[in-house]
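Good morning, and thank you for joining this session. Please have the sequence and the structure in view while I speak.

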Amino acid sequence: GNQAAVASGTSFSSPIITGTLAATMSNSGNRTLSATQAAAAMNSNLNDVGPQGNDPSTGAGVPDMWRILNGNTPGIYDAAITSITTSGNQVQVLVQNLGTETMVNAGVAVNINGTTTNANITTLLAGDNRLITVPAGGSRGLNITSSVQLSGGQTDQRPANDSISQTVPAPGP
């Protein structure tokens with residue numbers, strides 16, 4: 001039904017990784033990759049989708065087949081909001097450069113319950129990420145929307161990953 005579910009464990013992650021490696025080995029253009037080379041390509045093109053850095057739920061990140069297959073293509077600009085997390089009274093928005101070129105002056109907007117905070121990322125190297133932290137303003141429920149926009153004539157190759165919306169319910173009694 002075009003829905004997603006959260007699951008954990010090696011029973012779920014093993015087929016995803018195996019399929020990613022097999023596709024990388026067989027779809028690497030006009031060159032043949034060994035399993036070791038495919039693993040290196042996968043590991044250098046992970047999307048950091050949880051809290052910034054290595055975390056218990058998603059490890060070093062989630063494979064992105066598009067990035068793996070285009071990782072050696074110059075001229076790709078792809079800014080993305082890869083996660084929104086909350087910690088205490090703070091909202092943390094993770095912006096990642098999923099392209100192959102350095103992003104310059106990317107604007108980030110974080111809207112929490114109708115109040116927008118803007119930030120600017122002056123430089124973000126390919127594959128790197130930056131955490132934007134915004135005060136959440138109390139303990140009520142949070143409606144969060146965040147987006148990133150490139151500037152300076154850079155055209156985003158995958159604008160569908162430029163924003164995320166998330167609702168965080170108010171804590172119980």
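I shall go through a pair of helices, two sheets, and a few individual residues.

Before the details, please note that this is a predicted model.

I begin with the helices. Helix α1 covers residues 10-26 and helix α2 covers residues 35-43. Their axes lie 9 Å apart, and the two helices pack at an angle of about 110 degrees. Angles of 65 to 115 degrees count as roughly perpendicular, and α1 and α2 therefore stand roughly perpendicular to each other. The crossing of α1 and α2 is right-handed. Which residues make the contact? On the α1 side they are I17, T20, L21, T24 and M25. On the α2 side they are A35, A38, A39, A41 and M42. Sorted by class, the contact of α1 with α2 comprises eight nonpolar residues, two polar residues and no charged residues.

I turn now to the sheet of three strands. This is an open sheet with the order β3-β4-β7, and its pairing is antiparallel. At its edges are β3, residues 79-87, and β7, residues 129-135, each of which pairs on one side only. On average, and ignoring direction, neighbouring strands of this sheet are turned by 20 degrees against each other. As general background, the strands of a sheet pair through backbone hydrogen bonds, in either a parallel or an antiparallel manner.

Let us look at the pairings one by one. Between β3 and β4, which run antiparallel, there are eight bridges. Within that pairing, A80 has Q96 of β4 as its bridge partner, and S83 stands opposite L94 in β4. The hairpin of β3 and β4 has two residues between the strands, and there G88 takes a positive phi near 60 degrees.

On to the next pair: strand β4, residues 90-97, is joined to β7 by seven bridges, and these two strands also run antiparallel. Here Q90 stands opposite P135 in β7, while L94 stands opposite L131 in β7. L94 thus appears in two pairings, facing S83 and facing L131.

How many residues of β4 are buried? Seven of the eight are, so β4 is largely enclosed by the rest of the structure. Strand β3 is mostly covered as well, with seven of its nine residues buried.

The next topic is the sheet of four strands. It is open, its order is β6-β5-β8-β9, and its pairing is antiparallel. Its edge strands are β6, residues 115-124, and β9, residues 163-168; each has a single partner strand, so one side of each is left without a neighbour in the sheet. Neighbouring strands of this sheet are turned by 15 degrees against each other on average, with direction ignored. Strand β8, residues 142-149, and β9 run antiparallel and are joined by six bridges. One example from this pairing is T145, whose bridge partner in β9 is S165.

I close with three individual residues, beginning with two asparagines. As general background, most residues other than glycine have a negative phi. What is the sign of phi at N105? It is positive, at about 55 degrees, although N105 is not a glycine. N105 is found in strand β5, which spans residues 103-112. Is N105 buried or partly exposed? Its relative accessibility is 36%, so N105 counts as partly exposed.

N113 also has a positive phi, near 50 degrees, and is likewise a residue other than glycine. N113 lies in the loop between β5 and β6. With a relative accessibility of 24%, N113 counts as partly exposed; the cut-off for buried is under 20%.

The last residue is P51, which lies in the loop between β1, residues 46-47, and β2, residues 62-63. P51 is partly exposed, with a relative accessible area of 41%. How far is P51 from S87, 36 residues away along the chain? Their C-alpha atoms are separated by 9.8 Å. S87 itself belongs to β3, which covers residues 79-87, so P51 brings us back to the sheet of three strands in the order β3-β4-β7.

How values were computed. Residues numbered from 1 in each chain as written. Predicted model: local features only at pLDDT ≥ 70, side-chain atom pairs only at ≥ 80, totals over all residues. Heavy atoms only, no water. Pairing = 2+ DSSP bridges. Axes fitted to C-alpha atoms, helices over the stretch in contact; angles between N-to-C directions. Parallel < 35°, antiparallel > 145°, perpendicular 65-115°, else oblique. Left-handed = near helix turned anticlockwise from the far one by under 90°. Contact = heavy atoms within 4.5 Å. Nonpolar A, V, L, I, M, F, W, Y, C, P; charged D, E, K, R; others polar. Buried < 20%, exposed > 50% of the residue type's maximum accessible area, 1.4 Å probe, protein only.
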